[in-house]
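Visitor: I would like to learn how to read a sheet and its salt bridges from a set of coordinates. Where should we begin?

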Amino acid sequence: MEKYQLLDQVGAGAFGQVWKAFDKHSGEVVAVKMLKERFHSSWEECLNLEEIKSLQILKHPNIMSLKKVIRERDNSLFFVFEFMECNLFQLMRSRAKPFSENEVRHWCFQVFQGLHYMHGKGYFHRDLKPENLLVSKGMIKIGDMGSAKEINSSQPFTDYVTTRWYRAPEVILGSVNYSFKVDMWAMGAIMAELFMFKPLFPGRNSSDQMLKICGVLGSPTAASWLGGLALAGGLNYQFPQLLGVNLSLLMPSASGNAISLIKSLCSWDPSKRPSALEALTHPFFHSCYNINIPPSLCLRPSVGNTIGGEEFEQNNVGVIGVNHQGLIIRSCNRNRVQLG
């Protein structure tokens, strides 16, 4: 760590501390994550930590980049990251008024691209919240992969994941077989918060959290979440019987398309929540693909084909595809326009 000069502490948590630091050799400003835990195991076992494994695989413009892992003689471990100016929570705190819809679209479009890439690589985050979305110069990146898990790893998963306000109801009810759709629930809550500038589900504890969710969405039914009723029955838990509210009343500045996407992301039933790619092709994001190319020039192949080895999907804004970097593109006459 001799090559780094620590400047300011910019974060702290149960894991340890994060410092803004200066690389004396390169002259670069970086972020150094200092872990509280001491690692007495071998170097190979340190590199096998889930956070390091995931970051070695996940290379995307909207996911934080791990530059280096350092182990000191006292068995302390340090992660060196690219430096970002602030997180999304701090950005909200610094503003006098909520984001405009275009600003919400700008941030969420980038995060969903990162999530689409992450899920496609077989990982899900499990702790999405505004504090873990890092912002710098108009870019937003998913950070803190400490809770990340391989989607196909051995279950059961731990039931204590995600900060409570962004925790999916299946996790609150103790499900150990949840999926990457917990990230989509968290994004619904975050997207609503960007419009409201306050949490959508600010529960004080698990029972109050469920009360807050029922108060907004209305209590689940057999039609909306049969699996949830079974989970609750196994715990002898009864959902509060509430009707819910019109989300437009909570977010009067949000368009119908924005409300539609938030409602689908915050579906009781995980199987009814969209994937990140489905979210990206929702009408809320159609303006992100407005390239003014005549529809007659756009390719319209069937879903599941490829162009140049890249998968694409047909929808009503043209052909949306995903390139090797996980960036969303639109393909017309085999000419690609990279977005995001």
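Guide: We take the sheet, then the helix across the sheet, then the salt bridges. Keep in mind that this is a predicted model.

Visitor: In what order do the five strands of the open sheet lie?

Guide: In a regular strand the side chains alternate between the two faces of the sheet. Here the order is E1-E2-E3-E5-E4, with antiparallel pairing. E1 (4-13) and E4 are the edge strands, each paired on one side only. From one strand to the next the twist averages 25°.

Visitor: How many bridges join strand E4 to strand E5?

Guide: Five bridges join E4 (residues 66-71) to E5 (residues 77-82), and the two run antiparallel. To follow the register, note that Leu 66 stands opposite Phe 81 and Arg 71 opposite Leu 77. The hairpin has five residues between its strands, and Asn 75 there has a positive phi near 70°.

Visitor: Which strands does helix H2 lie across?

Guide: Helix H2 (residues 50-57) lies across E3 (29-35), E4 and E5, and runs at about 30° to E5.

Visitor: Now the charges. How many salt bridges does a search of the whole structure find?

Guide: Side chains of opposite charge can pair when their charged atoms come close. The search finds twelve salt bridges. One of them joins Asp 144 and Lys 33, at 3.5 Å from N to O. Asp 144 is in the loop between E9 (139-142) and E10 (149-150), while Lys 33 is in E3, so the pair ties together parts 111 residues apart in sequence.

Visitor: Is Lys 33 buried or exposed?

Guide: Lys 33 has 6% relative accessibility and therefore counts as buried, the cut-off being under 20%. Asp 144, at 28%, is partly exposed. The two also belong to a network of salt bridges that links Lys 33, Glu 51 and Asp 144.

Visitor: Which residue forms a salt bridge with Glu 170?

Guide: Arg 273 does, with the closest N and O atoms 2.8 Å apart. This pair too links distant parts of the chain: Glu 170 is in helix H5 (residues 169-172) and Arg 273 in the loop between H10 (256-265) and H11 (276-280), 103 residues apart. Both Glu 170 and Arg 273 are buried.

Visitor: Where do Asp 208 and Lys 212 lie?

Guide: Both are in helix H7 (residues 206-217), four residues apart, which is about one turn of the helix. Their salt bridge has its closest N and O atoms 2.9 Å apart. Asp 208 is buried, with a relative accessible area of 6%, whereas Lys 212 is partly exposed at 26%.

Notes:
Residues numbered from 1 in each chain as written. Predicted model: local features only at pLDDT ≥ 70, side-chain atom pairs only at ≥ 80, totals over all residues. Heavy atoms only, no water. Pairing = 2+ DSSP bridges. Axes fitted to C-alpha atoms, helices over the stretch in contact; angles between N-to-C directions. Contact = heavy atoms within 4.5 Å. Salt bridge = Lys/Arg side-chain N within 4 Å of Asp/Glu carboxyl O. Buried < 20%, exposed > 50% of the residue type's maximum accessible area, 1.4 Å probe, protein only.
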